Amino acid sequence: MKHLPVKPTVDIAALDALDIRVGTILRVEDVENSDKLVKLRVDFGEFQRTILVGMKKERENPREIEGRQALFVVNLAPRKMAGTVSEGMLFDIGYADEHREFHYFVMDYLVAMQNFLKFDDVPHIEKYIKT
C-alpha cells in the first residue's frame, strides 16, 4: 500500500469548526448518473440527511453498511453531485480490501468513543486485543 504525504498543518480552530456526529445509515441507494457515488439516508436522532459517498467501487454490496453507525461531518454546505444534493460527508478512514474487518473495527471504535460507550461495547473487539 502506498502512503500519502502528511497534509499541511492546520490551526485547531479549523478542526473545531467541524460538526462531526454519529449517524445511523438507514438506507443505501444507487446514484444512477455516477460510477462512484451511492446515496445514504442517515439518521442523526433529531434530524436526517441525504449524504453522497464515493464507495460504489469499494464494496461488492454497498448496502452492507445499512444499519451501521459511522461518523459524519454535518455542517458542510450542501453540494450537488450527479444531480443529487449531498448534505454532509462521511468521515471515513477508508481501507484496502484485505483490511476490511480492521476498517470496521476502527469505525466501530470511533463511534463507541463518540457515544461514550465502554470499550467492551465495541463489536468483535476480542479479535484485535492481544492477551
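Along β2, which side chains point to one face and are buried, and which point to the other and are not? In this predicted model, V38, L40 and V42 share one face of β2 and are buried, whereas K39, R41 and D43 point to the other face and are not buried. The general background is that in a regular strand the side chains alternate between the two faces of the sheet.

Before following that strand further, it helps to set out the overall plan. The protein contains two helices and seven strands, and reading along the sequence gives the pattern α-β-β-β-β-β-β-β-α. Of its 131 residues, 31% are buried. Among the contacts that join residues at least 6 apart in sequence, 51% are between residues at least 24 apart. The accessible surface amounts to about 9200 Å², and carbon and sulfur atoms account for 53% of that area.

The strand β2 has pairing partners in both β1 and β3. With β1 it runs antiparallel, and six bridges join the two strands; in this pairing, D30 has V38 of β2 as its bridge partner, and V38 is one of the buried residues of the alternating pattern. With β3 the pairing is again antiparallel, over six bridges, and here K39 is matched with L52 of β3 as its bridge partner. The hairpin of β2 and β3 has four residues between the strands, and within this hairpin G45 takes a positive phi near 90 degrees.

The face of β2 that is not buried leads on to the charged side chains. Side chains of opposite charge can pair when their charged atoms come close. K39 meets E29 in a salt bridge, with an N to O distance of 3.5 Å. Because K39 lies in strand β2 and E29 in strand β1, this pair ties together parts that are 10 residues apart in sequence. K39 is partly exposed, with a relative accessible area of 26%, and E29 also counts as partly exposed, at 29%.

A search of the whole structure finds seven salt bridges, and some of them are connected: D19, R21 and E46 are linked in a network. Within this network, the side chain of R21 meets that of D19 at 3.0 Å, N to O, and R21 also forms a salt bridge with E46 at 3.7 Å, N to O. E46 lies in the loop between β2 (38-43) and β3 (48-53), while R21 belongs to strand β1 (residues 20-30), so the pair ties together parts that are 25 residues apart in sequence. The members of the network differ in their exposure class: E46 is exposed, with a relative accessible area of 68%, whereas R21 is partly exposed at 28% and D19 is partly exposed at 25%.

Not every side chain on the surface is charged. I12, L15, L18, L76, M89 and F91 form a nonpolar patch on the surface, and together they have about 530 Å² of accessible area. F91, one of these residues, lies in the loop between β7 (89-90) and α2 (100-114). With a relative accessible area of 35%, F91 is partly exposed.

Key: Residues numbered from 1 in each chain as written. Predicted model: local features only at pLDDT ≥ 70, side-chain atom pairs only at ≥ 80, totals over all residues. Heavy atoms only, no water. Salt bridge = Lys/Arg side-chain N within 4 Å of Asp/Glu carboxyl O. Buried < 20%, exposed > 50% of the residue type's maximum accessible area, 1.4 Å probe, protein only. Patch = residues over 30% accessible without salt bridge, like charges linked within 9 Å, V, L, I, M, F, W, Y side chains within 5 Å. Areas by Shrake-Rupley, 256 points an atom, 1.4 Å probe, with all protein chains shown as cover. Pairing = 2+ DSSP bridges. Contact = heavy atoms within 4.5 Å.
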